[in-house]
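Colleague: Please take a close look at a single part of this model, and then follow the chain outward from there. I should prefer one connected account to a list of separate remarks.

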Amino acid sequence: MIDLHYAPTPNGWKISILLEELELPYTVIPVNIRAGEQFRPEFLAISPNNRIPAIVDHAPLDGGGPLSVFETGAILVYLARKTNRFLPTDLRGFTQTMQWVMWQVSGLGPMLGQHGHFALYAQEKIAYAIERYRDEAARLYRVLDTQLGKTGAYVAGTEYGIADIACFPWAMTHKAQGFTLDDFPHVKRWYASVRARPQVQAGLAVGKFEKEPLDDEARKNMFGQKAKEMAHRMSPNNQRETP
């Protein structure tokens, strides 16, 4: 029913976890982002932002043809609405969940991603960038810890849902990024609870295919240079008219 265009990253895990939770039939289509497969025309046709993951639903609820969805927040909401699970339908519950999903996709993920890039992957270690993103990542962990202290359970309230699925894979990077959850006791409690779910473990196990080495070509594909070159080639200033 669902094609999952995927690589085993925090963003990819969001969707594999939700599909396992929903018990929907799906087929994994690996996208080797180190080898630059995210720039292939067939992938860009369904994910114009050249980022994984993306899905194609071959049985959408409107009964029409296959429907593609890109961007993790949109995919989480789409699948939750398709199955009427993990997303409240009442006004207040829906709004609370959507706030925290948007918080994750606009804040927690990008800031942890930037910190991870500068602290772990960048060949040139820029102290200002590392400190700036580490401070923001720590602030966001405190925001999450405060929220989980208020709910005493899950990110958006008393029920597990797509806000937890959005946040959890990024929280998994805490050790690599030099954070300890001992500093965030409510996050630590929540993290252990979510990590223990069999469906979460199954989602994390999806697609553990062999990674390409992080050489110069992989860095180019993963960290923006390839996208910059493509944008330059597509610029009207670089396209000649046919005589």
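Modeller: A residue is called buried when its relative accessible area is under 20%, exposed when that value is over 50%, and partly exposed in between. With a relative accessible area of 15%, F86 therefore counts as buried. The model is a predicted one, and every value below is computed from it.

I begin with the open sheet and the elements around it. The sheet has four strands in the order β2-β1-β3-β4, and their pairing is mixed. The edge positions are taken by β2 (26-30) and β4 (67-70); each has a single partner strand, so one side of each has no neighbour in the sheet. Averaged over neighbouring strands and with direction ignored, the turn of one strand against the next is 20°. In general, strands of a sheet pair through backbone hydrogen bonds, in either a parallel or an antiparallel manner. For β3 (residues 54-57) and β4, the pairing is antiparallel and extends over four bridges. Within this pair, I55 has V69 of β4 as its bridge partner.

Helices pack on these strands. Helix α1 (residues 10-22) touches β1 (2-6), β2 and β3, and its direction makes about 155° with that of β1. Helix α3 (residues 72-83) lies across β1, β3 and β4, at about 135° to β4.

The loop between α2 (41-44) and β3 deserves separate attention. P53 belongs to this loop, and the peptide bond joining I52 and P53 is cis, with omega at about -5°. N50 is found in the loop between α2 and β3 as well. The phi of N50 is positive, near 45°, although the residue is not a glycine. N50 has a relative accessible area of 14%, which means that it is buried.

F86, with which this account opened, offers a further case. It is found in the loop between α3 and α4, and its phi is positive at about 65°, again in a residue other than glycine.

Beyond that loop comes helix α4 (residues 91-121). Its 31 residues span 42 Å from the first C-alpha to the last, close to the 45 Å expected at 1.5 Å a residue. The axis of α4 also has a kink of about 40°, centred on Q104.

Further along the chain, helix α7 (residues 185-195) shows how burial can be arranged on a helix. Its residues V187, W190, Y191 and V194 are buried. Seen down the axis of α7, these buried residues fall within an arc of 105°, so they line one face of the helix. Among the elements that cover them are α5 (127-151), α6 (162-171) and α8 (198-204).

H186 is also found in α7. Its relative accessibility is 34%, and H186 therefore counts as partly exposed. Leaving aside residues up to four places away in sequence, H186 touches D145, L148 and G149. From H186 to T151 the separation is 35 residues in sequence and 9.7 Å in space, C-alpha to C-alpha.

Terms used: Residues are numbered from 1 along each chain as its sequence is written. This is a predicted model: local features need pLDDT of at least 70, side-chain atom pairs count only at pLDDT 80 or more; totals for chains, interfaces and linings use all residues. Side-chain values use heavy atoms; hydrogens and water are left out. Buried means under 20% relative accessible area, exposed over 50%, partly exposed in between (1.4 Å probe, protein chains only). Helices (H or I, at least four residues) and strands (E, at least two) are DSSP runs, numbered from the N terminus. The arc is that of the directions from the helix axis to the C-beta atoms. Contact means heavy atoms within 4.5 Å. The expected span of a helix is 1.5 Å times one less than its number of residues. The bend at a residue is the angle between axes fitted to the seven residues ending there and the seven starting there. Two strands pair if DSSP finds at least two bridges between them. Axes are lines fitted to C-alpha atoms, for helices over the stretch in contact, and angles run from 0 to 180 degrees between N-to-C directions.
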